[in-house]
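Welcome! Have the sequence and the 3D view ready, and work through the exercises below at your own pace.

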Amino acid sequence: MSTTGATADPLAALGSLPGVAESVESVRKAVDRVYGHRIMRRRSNEITSEAALRGARGSAALSGADWALEEVRRRTDFSGDDEAHRVGAALRLTAEAGQLLSVWRQSPLRVLARLHLVAAASNADEVGRPRQQGEPVDEPLVELSLPSAAEVSGRLDGLSELIIAVSSAPALVTAAVVHGELLALRPFASHNGLVARTAARIVLVGSGLDPKSVCPAEVGHAELGRAAYLAALDGYVSGTPEGMATWIAHCGKAVELGARESTAVCEALQRGAA
């Protein structure tokens, strides 16, 4: 991660980039609309469950398993081909994320290791730890140059320090940095995209922006498309103020679209109850 200059709170410095404050405010309004819906007061658990399912489907789609929502909903066995494994991994991560909120602030690296273990669902040696030098990475979506294992270790430590430190940065900014850094590093041998998006979800929920997890950014990222996702990620990797602002704004738009999705679910439930 690169910032515009040395500061005791680099995440907060990103919040001052041009256009970021507007993205933060737009996200807040979108989230408030969902939480202010009358259905949320009576049936929030249903909205949370549906958002989890749709978010998992969206995250899997970004990792190359673009299944119809109803197919994800009806399936109980995900032990088939690679696509089935990815969808199953996304669903497991969604379920696991809520159990890790209290650990994240104290030990983010422990949480990331746990997320990879859950996603991979394997006892292989490379599971649940950062990759070692020379180990291959299975992440077909992201084709950026792969940082060395030593660079991964150093940047993960830096990311952990940023998360543990008290920052005045908006949740959107922190989530975008966590998401972008993990995609850029690809610290694990596999499932990095799924882990990155789940970690960003943990930030949004744990920060209090979306405490009931009803604004699945993964839905928005999938709707915006993989090409736009990768183009925005290029901005993050560039480290320039413009590139960072573009990535944060893209992540903000994804949250807004996730909020819109859950608002539509609320409206459908309301019509059914009328």
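## Exercise 1: Arg129 and its surroundings

With a relative accessibility of 16%, Arg129 counts as buried, where buried means under 20% relative accessible area, exposed means over 50% and partly exposed lies in between (1.4 Å probe, protein chains only). Before going on, note that this is a predicted model, in which local features need pLDDT of at least 70 and side-chain atom pairs count only at pLDDT 80 or more, while totals for chains, interfaces and linings use all residues. Residues are numbered from 1 along each chain as its sequence is written, and side-chain values use heavy atoms, with hydrogens and water left out.

Task: find where Arg129 sits and which residues Arg129 touches.

Solution.
- Step 1. Look in the loop between helix 7 and helix 8 for Arg129; helices (H or I, at least four residues) are DSSP runs, numbered from the N terminus.
- Step 2. Not counting residues up to four places away in sequence, Arg129 touches His116, Glu135, Pro187 and Phe188; contact means heavy atoms within 4.5 Å.
- Step 3. Now pick Leu162, which is 33 residues apart from Arg129 along the chain: their C-alpha atoms are separated by 20 Å.

## Exercise 2: Two positive phi values

Task: work out where Ala121 and His191 lie, and find the phi of Ala121 and of His191.

Solution.
- Step 1. Start from the usual case: most residues other than glycine have a negative phi.
- Step 2. Ala121 is placed in the loop between helix 7 and helix 8 (149-164), and its phi is positive, near 50°. At 54% relative accessibility, Ala121 counts as exposed.
- Step 3. His191 is found in the loop between helix 9 (171-185) and helix 10. Although His191 is not a glycine, its phi is positive, about 60°.

## Exercise 3: The largest pocket

Task: describe the largest pocket by its volume and its lining.

Solution.
- Step 1. The largest pocket holds about 380 Å³ of space. On a 1 Å grid over the protein atoms alone, a pocket is an open set of points with protein on both sides within 12 Å along at least five of seven lines, whereas a cavity is a set of points where a 1.4 Å probe fits but cannot get out; lining residues have an atom within 4 Å of a point. Grid points are joined across faces, edges and corners, and a volume is the space filled by probe spheres set on the points.
- Step 2. There are 19 lining residues, and His85, Arg86, Asp138, Ser190 and His191 are the closest to the centre of this pocket.
- Step 3. Helix 5 (82-97), helix 7 (108-120) and helix 10 (192-206) each give two or more residues to this lining. Helix 5 gives the most, with four residues.
- Step 4. Sorted by class, the lining has six nonpolar, seven polar and six charged residues. Here Ala, Val, Leu, Ile, Met, Phe, Trp, Tyr, Cys and Pro count as nonpolar, Asp, Glu, Lys and Arg as charged, and the others, Gly among them, as polar.

## Exercise 4: From His179 to the largest cavity

Task: is His179 buried or exposed, and which residues of the largest cavity's lining are closest to its centre?

Solution.
- Step 1. Find His179 in helix 9. His179 counts as buried, because its relative accessibility is 3%.
- Step 2. Setting aside neighbours within four places in sequence, His179 is in contact with Ala196, Arg197, Ala200, His221, Tyr229, Trp247 and Cys251.
- Step 3. Three cavities of 30 Å³ or more are present in the structure, and the largest cavity has a volume of about 90 Å³. Of its 13 lining residues, the closest to the centre are His179, Ala200, Leu204, Ala217 and His221.
- Step 4. Helix 9, helix 10, helix 11 (217-224) and helix 13 (241-273) each give two or more residues to the lining of this cavity.
- Step 5. By class, this lining has eight nonpolar, two polar and three charged residues.

## Exercise 5: Trp247 and the core

Task: which residues have the most contacts inside the largest nonpolar core?

Solution.
- Step 1. Recall that nonpolar side chains tend to be buried together in soluble globular proteins.
- Step 2. The largest nonpolar core has 81 residues, and Trp104, Leu112 and Trp247 have the most contacts inside it. A nonpolar core is a set of buried Ala, Val, Leu, Ile, Met, Phe, Trp, Tyr and Cys residues joined through side-chain atoms within 4.5 Å.
- Step 3. Leaving aside neighbours within four places in sequence, the contacts of Trp247 include His179, Leu183 and Tyr236.
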